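Trainee: I would like to go through this model with you and ask, for each label we put on it, what justifies the label.
Mentor: Gladly; let us look at it together and set each value against its rule.

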Amino acid sequence: MPHVVIEHFTETPADFDGAHAMRLAFDICAGCGFIKPEDLKLRTTQPEAILFGDGRRSFIHVTVLLLAGRSDAMKLGLSRALVAALREAFPKIAAISTDIRDMNPDCYKKSLA
């Protein structure tokens, strides 16, 4: 915990580098002051197709799942930093967004081997 899921779609594969996006997200999350680098789990996922009502043809959406307890200001800072870094790294992507979600620590369970 936390989990960082980077959803993406582009018709031109050269416009997105998943390894680079994960490294950026890792560095930003690890440097935010409230996430331990060793706890991060990042992944990318690509849908088969997209349909934007406004005609855009590419996106990156980052979901960060955190155990509850961070202030809105902390989460907003993280969200802004992620969008800014991804916008700079991937200028051809039409839409870049983030969602920082709180998870209920009473309901989150895991098993490590």
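Trainee: How many disulfides does the rule give here?
Mentor: The count comes to zero disulfides, and please keep in mind that this is a predicted model. C29 takes part in no disulfide, since the nearest cysteine sulfur, that of C32, is 6.2 Å away, whereas a disulfide requires two cysteine sulfur atoms within 2.5 Å.

Trainee: Why is C32 not counted as bonded?
Mentor: The closest cysteine sulfur to that of C32 is in C29, at 6.2 Å, and this is too far for a bond.

Trainee: What makes C29 buried or exposed?
Mentor: The relative accessibility of C29 is 0%, so C29 counts as buried, the limit for that word being under 20%.

Trainee: And how do you know which class C32 belongs to?
Mentor: C32 has a relative accessible area of 27%; because buried means under 20% and exposed means over 50%, with partly exposed in between, C32 is called partly exposed.

Trainee: Turning to the sheet, what is the order of its strands?
Mentor: The order is β2-β1-β3-β4, in an open sheet of four strands whose pairing is mixed. β2 (41-45) and β4 are the edge strands, as each pairs on one side only.

Trainee: What makes the pairing mixed?
Mentor: Look at each pair in turn. β1 and β2 pair in the parallel sense over five bridges, with R43 in β2 as the bridge partner of V5. Strand β1 (residues 3-10) and β3, by contrast, run antiparallel and are joined by eight bridges; there T10 has S58 in β3 as its bridge partner. β3 and strand β4 (residues 95-103) run parallel, joined by nine bridges, and L66 stands opposite D102 in β4. Two strands count as paired if there are at least two bridges between them, so the five bridges between β1 and β2 satisfy that rule.

Trainee: Why is strand β3 described as mostly covered?
Mentor: Of the ten residues in strand β3 (residues 58-67), nine are buried.

Trainee: Which elements make the right-handed β-α-β unit?
Mentor: The unit consists of β3, helix α2 (residues 72-89) and β4. α2 lies across β3 and β4, and runs at about 150 degrees to β4.

Trainee: Where does helix α1 lie?
Mentor: Helix α1 (residues 18-30) lies across β1 and β2, and its direction is at about 145 degrees to β2.

Methods
Residues are numbered from 1 along each chain as its sequence is written. This is a predicted model: local features need pLDDT of at least 70, side-chain atom pairs count only at pLDDT 80 or more; totals for chains, interfaces and linings use all residues. Side-chain values use heavy atoms; hydrogens and water are left out. Buried means under 20% relative accessible area, exposed over 50%, partly exposed in between (1.4 Å probe, protein chains only). Helices (H or I, at least four residues) and strands (E, at least two) are DSSP runs, numbered from the N terminus. A crossover is right-handed if, with the strands pointing away from the viewer, the path from the first strand over the helix to the second runs clockwise. Contact means heavy atoms within 4.5 Å. Axes are lines fitted to C-alpha atoms, for helices over the stretch in contact, and angles run from 0 to 180 degrees between N-to-C directions.
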